[in-house]
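Visitor: I'd like to learn how the labels on a protein model get decided. Can you walk me through some?

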Amino acid sequence: MARGLPPPLALAYHGVDEVPLRRDPEHLFVRPQDLRRQIAKLREWGYELVSFGDLAQDVRPGRAALTFDDGLVDNLAVLAPLLQEVGAPATVFVVSGWLGEPHPAAPWTRIVTEEELRELRAAGLEIGGHSASHADLSTLAYEGALDELSRGKQELEEVLGEPLEVAAYPYGRADTETARAARDAGFRAACAATARGSWDNPHFLPRQDMGNGCGLFGLRLKRDDRYEPLMRHLPARAARRVGRHVGAAFR
């Protein structure tokens, strides 16, 4: 970490609301008070908070971006005022074909409407593309990924009346052809999730997932890119421990 600064970091959230874990099996929502604590901790570590577009343009230690996928309506009702209060920027990646519709994984809430999307932009949040239909682009050939990204970009640009420069891949998944499609769709940068990607590739930049219940210790592991490697090893270790106990019981 150059000059004692923490490594570059992009965090991937979805909704900001008080949603109990039993109602949120996909861990899509973060509590407002938890987000506040996480922002404070990032600053305590020495981070300058910037939009994802700014981070992609100048990737270096000490810079971090908060990003929010899908375009949930709480991003306008809860997130935008919270960010204004603490003086932090953020980027919202929106699925163009979901505008005004219930969220498939959280049907009690919905995605912003066209007017609300304009309000979100007016509140100072950067808007990025998240495809037209939230298809898993890594399963599509180049032409299919290009169509999803291009349509999503064009539809949001028509609503906002300004160009979109950045994108996030649905489910955080992409391959070489997906990244090429993002570039050819006109995005200058795009990001994955679950720590996939590389800071050396502007169309496959990494993000760390921030889900419901993620605490400051988890944030520290994600900051240092240790969370996903740890999770890959823990199930195997747990299975070994269970196997040993079961085996011992039958001796």
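**How the labels are earned**

Guide: Let's begin at the end of a helix: right after helix 7 comes Asp225, with a positive phi near 60°. Keep in mind that this is a predicted model.

Visitor: Which residues of helix 7 are buried?

Guide: Helix 7 covers residues 216-223, and its buried residues are Gly218, Leu219, Leu221, Lys222 and Arg223.

Visitor: What makes Lys222 count as lying over the face of Tyr227?

Guide: Lys222 is 3.7 Å from the ring centre of Tyr227, and the cut-off for that distance is 6 Å. Lys153 also lies over a ring face, that of Phe187, at 5.6 Å from the ring centre.

Visitor: How many aromatic pairs are there?

Guide: The count comes to three. One of them is Phe29 with Trp108, at 5.8 Å centre to centre and with 35° between the planes.

Visitor: Why is the pair of Phe29 and Trp108 called tilted?

Guide: Centres must lie within 6.5 Å to make a pair, and planes under 30 degrees apart are stacked while those over 60 are edge-to-face. An angle of 35° falls into neither group, so this pair is tilted. The two partners sit 79 residues apart, Phe29 in strand 3 and Trp108 in strand 8.

Visitor: How do you know whether Phe29 is buried or exposed?

Guide: Phe29 has a relative accessible area of 2%; buried means under 20%, so Phe29 is buried. Trp108 is at 33%, which lies between 20% and 50%, so Trp108 counts as partly exposed.

Visitor: What makes Phe52 and Phe93 an edge-to-face pair?

Guide: Their ring centres are 5.7 Å apart and their planes stand at 75°. Over 60 counts as edge-to-face, so the label fits. Phe52 is in helix 2 and Phe93 in strand 6, so the pair ties together parts 41 residues apart in sequence. Both Phe52 and Phe93 are buried.

Visitor: Why do strand 7 and strand 8 count as paired?

Guide: At least two bridges are needed, and two join these strands, which run antiparallel; therefore they pair. His103 stands opposite Ala106 of strand 8, and a hairpin connects strand 7 to strand 8 through two residues.

Visitor: Which residues have the most contacts inside the largest nonpolar core?

Guide: They are Leu35, Leu42, Leu66, Phe68 and Leu117, in a core of 58 residues. Helix 5 gives the largest share of this core, six residues. There is also a second, separate core of 12 residues, including Val50 and Cys191.

Key:
Residues are numbered from 1 along each chain as its sequence is written. This is a predicted model: local features need pLDDT of at least 70, side-chain atom pairs count only at pLDDT 80 or more; totals for chains, interfaces and linings use all residues. Side-chain values use heavy atoms; hydrogens and water are left out. Rings of Phe, Tyr and Trp (its six-membered ring) pair if their centres lie within 6.5 Å; planes under 30 degrees apart count as stacked, over 60 as edge-to-face and the rest as tilted. Helices (H or I, at least four residues) and strands (E, at least two) are DSSP runs, numbered from the N terminus. Buried means under 20% relative accessible area, exposed over 50%, partly exposed in between (1.4 Å probe, protein chains only). A charge sits over a ring if NZ of Lys or CZ of Arg is within 6 Å of the ring centre and within 35 degrees of the ring normal. A nonpolar core is a set of buried Ala, Val, Leu, Ile, Met, Phe, Trp, Tyr and Cys residues joined through side-chain atoms within 4.5 Å.
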